[in-house]
Amino acid sequence: MDVPFLDLRAQHLPHASEIEAAIQRVLYRGWYLMGEELSGFETEFAAWTGVEHVLGCASGTDAITLALRGLGVSPGDEVVTVANTCVPTVAAIRNAGGTPVLVDVDAKTLTMDPAALAGALTPKTYAIVPVHLYGHPCDMDSILEFARVHELHVVEDCAQAHGARYRGRRCGTMGHAAAFSFYPSKNLGAYGDAGAVVTDNENIASRARKIRVYGESERYYHDLEGINSRMDEIQAAILRVKLTWLDESVDERRAIAKKYDELLSESAVTPVGEAEWGESAYHLYVIRTERREKLQAFLRERGVGTLIHYPVPIHLQEAYRFLPYEQGSFPVAEAAAKEVLSLPLYPGLTEDAQEYVVASIREFFGG
Ligand SMILES: *Cc1c(COP(=O)(O)O)cnc(C)c1O
């Protein structure tokens, strides 16, 4: 049996005619940027999240940058995020002119440890970027309370968390702003790059909206220094179609994860579980084992695709050696980097395939 890590074609085929019709609609209209598909998507995604303003942009990385610049981050301002995240979180902070400051993660969920924030606070701290990693919400009440007391801004990195909930509230609705990615493999994936900023704050939205198109207030008049970060009409049209079954596909992800939980009970591996406050959107199903490299190689031989999210924490990446950290700075993130392994999980994954994946894991550990 062959179980790929991800199968985007399996997600396209059941909806091929609807998606292809949406693309055609754009091709024949002859309007390819900043048109009615984008504004339609922005309105519909706002309704889905329950937030007032949505701005489509070119990527999730840009969405974080635009949100931070929208809330006024300027050079020298410190922005706190976690050592265990995807590099774009930190790249976006740098692109906004911020100085990344890292904290460790909580050992159970591998998301931001709120207790670590106090140690990262300086007079220059401006914002916090909690990352709802793997689709699991961070402990937001503690993070928001810390931000309130110290007058900091909060931008949620929701790149992996479309459909996740924290104590019943949707991820993306709790901070001053949030950033979504629609990279093809994400829970809501485009057929190319795309992202969005969501916020209830009029000021943040209007600044970010200008910065998205070179700081333009009206055509050829520029109030702010900006960038070019547009979501094209084809991506917006595709996302409008896929948004109509996003909730359903998150439910399917959760059902697949629950099945893995069941199949893996009393096995030699430990799934990164849900905290009592969280309803994960299961962008990824992550297990931990000290024998990760050997297990991954064994599964590869058995035709099972896996990935590691992430093998190297931010502070140990070559590109970020200039940050003031070293081996040992973030022990929880460092231990996780050696042990985590993501199993195949995508809408359309069959129970047979899941049983095969788990049987292969059990076989590796000797039945
Ligand atoms: C994917 C991702 C991003 C960046 O999104 P892009 O659309 O690839 O720019 C940011 N943060 C996290 C946690 C991600 O997983």
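Which strand does R288 lie in? The answer is β14, a strand that covers residues 285-288. This briefing walks through a predicted model, starting with the ligand and its surroundings and then returning to R288. The ligand sits in the largest pocket, and 14 residues surround the ligand.

**Who surrounds the ligand**
- Among the 14 residues around the ligand, the ones that come nearest are G60, T61, Q160, S181 and K186.
- Sorted by class, this shell holds seven polar residues, five nonpolar residues and two charged residues.
- Two helices to look for are α4 (60-70) and α5 (87-95), as each supplies at least two residues of the shell.

**Side chains that meet ligand oxygens**
- The side chain of T61 has an N or O atom 2.5 Å from an oxygen atom of the ligand.
- For S181, an N or O atom of the side chain is 2.6 Å from a ligand oxygen atom.
- K186 also takes part, with a side-chain N or O atom 3.1 Å from an oxygen atom of the ligand.
- Taken alone, the ligand exposes 380 Å², and the protein buries 92% of that area.

**Back to R288**
- Is R288 buried or exposed? R288 has a relative accessible area of 16%, and because buried means under 20%, this residue counts as buried.
- The side chain of R288 is joined to the side chain of E339 by a polar contact of 3.1 Å.
- If you are viewing the model, β14 (residues 285-288) is the place to find R288, and E339 is its polar partner.

Key
Residues numbered from 1 in each chain as written. Predicted model: local features only at pLDDT ≥ 70, side-chain atom pairs only at ≥ 80, totals over all residues. Heavy atoms only, no water. Near = heavy atom within 4 Å. Polar contact = N/O pair within 3.5 Å; in protein donor to acceptor, adjacent residues only side chain to side chain. Areas by Shrake-Rupley, 256 points an atom, 1.4 Å probe, with all protein chains shown as cover. 1 Å grid on protein atoms, 1.4 Å probe; cavity = no way out; pocket = protein on both sides within 12 Å on 5 of 7 lines; lining within 4 Å. Sits in = over half its atoms within 2 Å of the grid points. Helix = DSSP H or I, 4+ residues; strand = E, 2+ residues; numbered from the N terminus. Nonpolar A, V, L, I, M, F, W, Y, C, P; charged D, E, K, R; others polar. Buried < 20%, exposed > 50% of the residue type's maximum accessible area, 1.4 Å probe, protein only.
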